[in-house]
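Here is a walk through one protein model, written for someone meeting it for the first time. Have the picture open as you read.

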Amino acid sequence: MAASPQGDTKRTFREKLQADIAAAEEEVASMQDEPVKDKQQLLVEMLVNGHPAAFVDMFYLTHRDGVADDTPSAEELEAKGIDPESFVPGEEVMLESLPFLKENLEEAEEAARRKEMKRVYDAYENLAKHFENMENYKKAIFFYEKYLSVAVTAGDIKREMEATLQLGMAHEHIGRVDEAIAHHERHEALALRAEDEGEEMTAHQNLVQAYRRYADEKDEAGDLDTAVDFMFKGLKTAKKGTDTTAEGLTNFRLGQLMEKKGDADEALKFHSEYLRLCKLTGDKSGEGSACCALAQVHQTQGNIEAAVTNLEAFLELAKNGDPASQARACCSLGIIYTKQLKFERAVTYFAITSPSPLRLRERGEKFFEVARSLSDRKMLDIARVNLGIARGSARTGRYMEVVATDLTSLLSFKNVRMPIENHA
């Protein structure tokens, strides 16, 4: 018999709480007692239910010797900081995921029989997103490919674009940049055919990034010609859209590649274009990078005046920015002036992070102090050596004058290290 309202009100709060806890524990225990079906049981059920296509896909996805094996390569493991020798592969699909997998595979097959294409798309998309969320991109690709196949058969260009886009992104996640490029290029072609400007812009953005990434890989491998070819593809694609920042960065990378190839004139052209685009977008950081790159190329060409102009422009842009970059620029200027035998000017740059003597008095930031603050031992050693050389060279003339004309000052210096005083 159910308890009366009056009887229930007589129960204390503690009694009610204990009763609720007991009920919850009983429910959890009953859930734990319910057996979880293994993949063999689920596979048999799929055949019994009349879903042979779903059975084939389920079998294919849950057996490690299938084509969909997700065992990561040695390179993929090393990229994640895992020792390939000690790696032990786990289950292909977690046991808890099997009912979800079965349900959506059966849904896709049933919907395909009835020509209910939206249900088919939704089922395959559910599965692809499920594995994406688990960072199992190879299995996500498996389902996006099925999604794509259905869309092509149905002549649904919108769904075809969506599947192609997702395939490109998934391939990028697992480092298959060449395959990602192929899908992004297809996505672009479909967007053009559908006259969908939004999809076209998305394809352009993804292509620029993929081309740049592939070019960087080839650059690291020493294949500069292929790297340049793909960077040019990226530049051509960037110009189709409205992403001036992407266009500028692609010019910058092309300039760097041309430097590596020894083509200084082409490097100057691309770095100058990067500088122009940065000014157009108000990207001060980019302007600084462009000025540094231009200075470096001008130095290799022996155009010292242009190199100094660009380094000083960078210092002006970076006066409130990264102190390490300022220090490196000042070091470069100090080296230039040392080579020109302008030692006093060299000392000024070696001693500070900005070229103005007034700023030296205001801020007192010395090159080696910046290096010390950054815990950069190499930079600190360079600062000390360069500053010592410049100061010594700057005083050589005065020292030789004392040697020739002022024996008293020379002896004081030699005996007790008395500073050499200026004399009339």
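## A covered pair in α6

Let's begin with K102 and E106, both of which are buried. These two form a salt bridge, and their closest N and O atoms sit 3.2 Å apart. Both belong to helix α6, where they are 4 residues apart, or about one turn of the helix. Side chains of opposite charge can pair when their charged atoms come close. Keep in mind as you look around that this is a predicted model.

## More salt bridges

How many salt bridges does a search of the whole structure find? The count comes to 18. One of them joins D57 and K146, with 3.3 Å between the closest N and O atoms. This pair ties together distant parts of the chain: D57 is in helix α4 (residues 52-61) and K146 is in helix α8 (residues 137-154), 89 residues apart. Are the two partners buried or exposed? D57 has a relative accessible area of 11%, so it counts as buried. K146 has 23%, which makes it partly exposed, since that label covers values between 20% and 50%.

Another bridge runs between K284 and E287, where the closest N and O atoms are 3.6 Å apart. Here both partners lie in helix α15 (residues 284-300), 3 residues apart, about one turn of the helix. Their surroundings are not alike: K284 is exposed because its relative accessibility is 52%, and the cut-off for exposed is over 50%. E287 has a relative accessible area of 7%, so it is buried. There is also a network to look for, in which salt bridges that share partners join E109, E110, R113 and R114.

## Helix α9, mostly under cover

Now find helix α9, which covers residues 157-173. Is this helix mostly covered or mostly open? Mostly covered is the answer, with 12 of its 17 residues buried. The buried residues include the charged R159, E160 and E172, along with M161, A163, L165 and L167. G168, A170 and H171 are among the buried ones too.

What about the span of α9? With 17 residues at 1.5 Å a residue, the helix should span 24 Å. The C-alpha atoms at its ends are 24 Å apart, so the model agrees with that expectation.

## A negative patch on the surface

Where does negative charge gather on the surface? Look for a patch made of E145, D178, E179, E217 and E220. Two elements give two or more residues to this negative patch: α10 (177-194) and α11 (197-220).

Take E179 as one member of the patch. You'll find E179 in helix α10. Its relative accessibility is 35%, so E179 counts as partly exposed.

## Two loop residues with positive phi

Most residues other than glycine have a negative phi, and most peptide bonds are trans. Two residues here are worth a look with that in mind. K115 has a phi near 60°, a positive value in a residue other than glycine. Where is K115? Its place is the loop between α6 (98-113) and α7 (117-133). K115 has a relative accessible area of 66%, so it is exposed.

E195 tells a similar story. Its phi is positive, at about 55°, although E195 is not a glycine. This residue is in the loop between α10 and α11. With a relative accessible area of 72%, E195 is exposed.

## Residues brought together across the chain

Which other spots can you check by distance? Try M117, which is in helix α7. M117 counts as partly exposed because its relative accessibility is 26%. Its C-alpha atom is 8.0 Å from that of A154, and the two residues are 37 residues apart along the chain.

You can do the same with E287, back in helix α15. The C-alpha atoms of E287 and L277 are separated by 8.7 Å, with the residues 10 apart along the chain. E287 is the buried partner of K284 from earlier, and its 7% relative accessibility is why it counts as buried.

Methods:
Residues numbered from 1 in each chain as written. Predicted model: local features only at pLDDT ≥ 70, side-chain atom pairs only at ≥ 80, totals over all residues. Heavy atoms only, no water. Patch = residues over 30% accessible without salt bridge, like charges linked within 9 Å, V, L, I, M, F, W, Y side chains within 5 Å. Areas by Shrake-Rupley, 256 points an atom, 1.4 Å probe, with all protein chains shown as cover. Salt bridge = Lys/Arg side-chain N within 4 Å of Asp/Glu carboxyl O. Charge placed at Lys NZ, Arg CZ, Asp CG, Glu CD. Buried < 20%, exposed > 50% of the residue type's maximum accessible area, 1.4 Å probe, protein only. Expected span 1.5 Å × (residues − 1).
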